[in-house]
Amino acid sequence: MLGRFERGGSGEAVVEYGDSNLRVVKPGRFVRCAVTGVEIPLDALRYWSVERQEAYADPDAVMVRLRQSPQHQGSKTA
């Protein structure tokens, strides 16, 4: 769960994605899906890749990204 400070700010957040958590480097309201470009509110962020350091809006976006590369590892669900 994100603290009040981490959720604060406006615009796009900068996030470091870990295996089971994430760290907000620059506060913001959202991150962008690496596949669709859609805004993902930080409180709704559930899918990301630690290896690629990118967020995904939903499981379908994760699958699209996995099909784009032979590396089928690194996607995490929190």
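Glu 54 lies in strand β6. Helices (H or I, at least four residues) and strands (E, at least two) are DSSP runs, numbered from the N terminus. The model is predicted: local features need pLDDT of at least 70, side-chain atom pairs count only at pLDDT 80 or more, and totals for chains, interfaces and linings use all residues. Residues are numbered from 1 along each chain as its sequence is written, and side-chain values use heavy atoms, with hydrogens and water left out.

Glu 54 counts as buried because its relative accessibility is 16%. Buried means under 20% relative accessible area, exposed means over 50%, and partly exposed lies in between (1.4 Å probe, protein chains only). The side chain of Glu 54 makes a polar contact with the side chain of Tyr 56, at 2.6 Å. A polar contact is a pair of N or O atoms within 3.5 Å; within protein, one must be able to donate a hydrogen and the other to accept it, and residues adjacent in sequence count only if both atoms are side-chain atoms. Leaving aside residues up to four places away in sequence, Glu 54 touches Tyr 17, Ala 34, Trp 48, Ser 49 and Arg 65. Contact here means heavy atoms within 4.5 Å.

Two of these partners, Trp 48 and Ser 49, belong to strand β5. Trp 48 has a relative accessibility of 2% and therefore counts as buried. Its side chain reaches the backbone oxygen of Gly 18 at 2.8 Å. The C-alpha atoms of Trp 48 and Leu 22 are separated by 9.4 Å, with the two residues 26 apart along the chain. Ser 49 is buried too, at 0% relative accessibility. The side chain of Ser 49 reaches the backbone nitrogen of Arg 52 at 2.9 Å. A polar atom of that side chain also lies 3.5 Å from the backbone nitrogen of Glu 51. Gln 53 sits in the loop between β5 and β6. Its phi is near 55°, a positive value in a residue other than glycine. Gln 53 is partly exposed, with a relative accessible area of 37%.

Tyr 17, another partner of Glu 54, points to the buried face of β1 together with Val 15. Val 14 and Glu 16 point to the other face and are not buried. In a regular strand the side chains alternate between the two faces of the sheet. Strands β1 (residues 14–17) and β2 (residues 22–26) run antiparallel and are joined by four bridges. Two strands pair if DSSP finds at least two bridges between them. The two strands form a hairpin with four residues between them. Tyr 17 stands opposite Leu 22 in β2, and Glu 16 stands opposite Arg 23.

Glu 16 and Arg 23 also form a salt bridge, with their closest N and O atoms 3.2 Å apart. A salt bridge is a side-chain nitrogen of Lys or Arg within 4 Å of a carboxyl oxygen of Asp or Glu. Arg 23 is partly exposed at 45% relative accessibility, and Glu 16 is partly exposed at 39%. The structure holds four salt bridges. In one of them, Arg 32 meets Glu 12, the closest N and O atoms being 3.5 Å apart. This pair links distant parts of the chain: Arg 32 is in strand β3, Glu 12 is in the loop between α1 and β1, and they are 20 residues apart. Arg 32 also meets Glu 39 in a salt bridge, at 3.7 Å from N to O. Glu 12, Arg 32 and Glu 39 are thus linked in a network of salt bridges.

Arg 65, also touched by Glu 54, is one of the buried residues of helix α2 (residues 59–67), along with Ala 61, Val 62 and Leu 66. These buried residues fall within an arc of 140° seen down the axis of α2, so they line one face of the helix. The arc is that of the directions from the helix axis to the C-beta atoms. The face turned away from the buried side carries the exposed residues Asp 60 and Arg 67. At the start of α2, a side-chain oxygen of Asp 58 reaches to within 3.1 Å of the backbone nitrogen of Asp 60.

Overall, the protein has two helices and seven strands. Of its 78 residues, 32% count as buried.
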